[in-house]
Amino acid sequence: LIPFNTLVLAKLFFIFFILILSFSGCSNKISEYMRPQNKEVANFYASKLNDLFVNSEEFKVKIFDMDYYTYYSVNKEDFIVVSEFIKFLKEEDFSLDDTSTYDNLRPKFKLIVEFTEDKYIFNIYDEKMSTLYPWDGIYEEDVFTMSNVPDYYNLYKFCNYVIKVSKGFEG
């Protein structure tokens with residue numbers, strides 16, 4: 001037989017061992033993804049989205065109006081506006097600055113571009129400011145200005161147009 005004190009010590013050691021194992025799992029960083037901490041280029045996601053457009057993959061576009069929490073489908077013939085918009089953006093339109101300034105802002109629209117296996121979201125704040133990120137991105141969103149984009153391809157104006165058309169107000 002095992003003496004009483006040895007049995008108690010064995011139980012205490014076992015409990016201590018279990019506690020150490022459970023707490024060490026919280027700080028284990030071995031399973032983190034291997035990736036750089038920051039984006040190397042400011043237009044990282046925009047270039048990925050442009051590659052999908054260039055490869056002529058099928059996609060859908062819809063708009064979510066953040067004021068009314070309503071989705072609007074975009075007609076297939078208007079999809080070209082989104083793909084052409086990406087072509088009009090220049091490197092100087094993007095910013096690598098901290099995006100935390102946009103955390104307190106609420107976008108007016110979310111424009112969603114869905115491919116078979118990818119989904120990209122534009123947060124559109126006004127006629128000049130927008131961000132882009134994929135549904136499952138690992139980096140901060142791309143931040144860019146639409147100031148240098150022609151009005152026809154401005155996503156803020158495009159969203160307003162789609163909503164007007166869907167409500168039956170042409171013009």
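In helix H2 (residues 44-54), the buried residues are Tyr45, Ala46, Leu49, Leu52 and Phe53. Those five cover an arc of only 120° around the axis, which puts them on the same side of H2. This is a predicted model, and a good way into it is to follow that helix onto the sheet it packs against. The sheet is open and has seven strands in the order E2-E1-E4-E5-E6-E7-E3, with antiparallel pairing.

**Helix H2 and its surroundings**

- The buried residues of H2 pack against four sheet strands named in full here: strand E4 (109-114), strand E5 (119-124), strand E6 (129-134) and strand E7 (142-145).
- Strand E3 (94-95) and helix H3 (79-88) are also among the elements that the buried residues of H2 pack against.
- After H2 comes serine 56, which has a positive phi, near 55°.

**The sheet, from its edges inward**

- E2 and E3 stand at the edges of the sheet, and each has a single partner strand, so one side of each is left without a neighbour in the sheet.
- For E3, the pairing with E7 is antiparallel and consists of two bridges.
- Phenylalanine 94 has phenylalanine 144, in E7, as its bridge partner.
- Further in, E4 and E5 run antiparallel and are joined by six bridges.
- Four residues separate E4 from E5, and the two strands form a hairpin.
- Across this pairing, phenylalanine 109 stands opposite isoleucine 124 of E5.
- E5 also pairs with E6, again in the antiparallel sense, over five bridges.
- E5 and E6 form a hairpin too, with four residues between them.
- In this second hairpin, isoleucine 121 stands opposite tyrosine 133 of E6.
- How enclosed is E5 by the rest of the structure? Five of its six residues are buried, so E5 is largely enclosed.

**Threonine 131, a buried polar residue**

- Threonine 131 sits in strand E6.
- Its relative accessible area is 0%, so threonine 131 counts as buried, the cut-off being under 20%.
- The side chain of threonine 131 makes a polar contact with the side chain of glutamate 141, at 3.4 Å.
- Leaving out residues up to four places away in sequence, threonine 131 touches Ile121, Phe122, Asn123 and Tyr125, along with Glu141, Asp142, Val143 and Phe144.

**Asparagine 154, ahead of helix H4**

- Asparagine 154 lies in the loop between E7 and helix H4 (155-166).
- With a relative accessibility of 3%, asparagine 154 is buried.
- Which backbone oxygen does the side chain of asparagine 154 reach? That of glutamate 127, at 2.8 Å.
- A polar atom of the asparagine 154 side chain also lies 2.9 Å from the backbone nitrogen of tyrosine 156.
- Apart from neighbours within four places in sequence, asparagine 154 is in contact with Glu127, Met146 and Val149.

**Salt bridges**

- How many salt bridges does the count come to? The count comes to eight.
- One of them joins lysine 62 and glutamate 114, whose closest N and O atoms are 3.1 Å apart.
- That pair links distant parts of the chain, with lysine 62 in strand E1 (residues 60-65) and glutamate 114 in strand E4, 52 residues apart.
- Both partners are partly exposed: lysine 62 has a relative accessible area of 28%, and glutamate 114 has 23% relative accessibility.
- Aspartate 67 and lysine 108 form another salt bridge, with the closest N and O atoms 2.4 Å apart.
- This pair also links distant parts of the chain: aspartate 67 is in the loop between E1 and strand E2 (70-73), lysine 108 is in the loop between E3 and E4, and their positions lie 41 residues apart in the numbering.
- Aspartate 67 is partly exposed, at 39% relative accessibility.
- Lysine 157 forms a salt bridge with aspartate 151, and here the closest N and O atoms are 2.9 Å apart.
- Lysine 157 is partly exposed at 28% relative accessibility, whereas aspartate 151 is exposed at 53%.
- Asp65, Asp67, Arg106 and Lys108 are joined into one network by salt bridges that share partners.

Technical notes
Residues numbered from 1 in each chain as written. Predicted model: local features only at pLDDT ≥ 70, side-chain atom pairs only at ≥ 80, totals over all residues. Heavy atoms only, no water. Buried < 20%, exposed > 50% of the residue type's maximum accessible area, 1.4 Å probe, protein only. Arc of directions from axis to C-beta. Contact = heavy atoms within 4.5 Å. Polar contact = N/O pair within 3.5 Å; in protein donor to acceptor, adjacent residues only side chain to side chain. Salt bridge = Lys/Arg side-chain N within 4 Å of Asp/Glu carboxyl O. Pairing = 2+ DSSP bridges.
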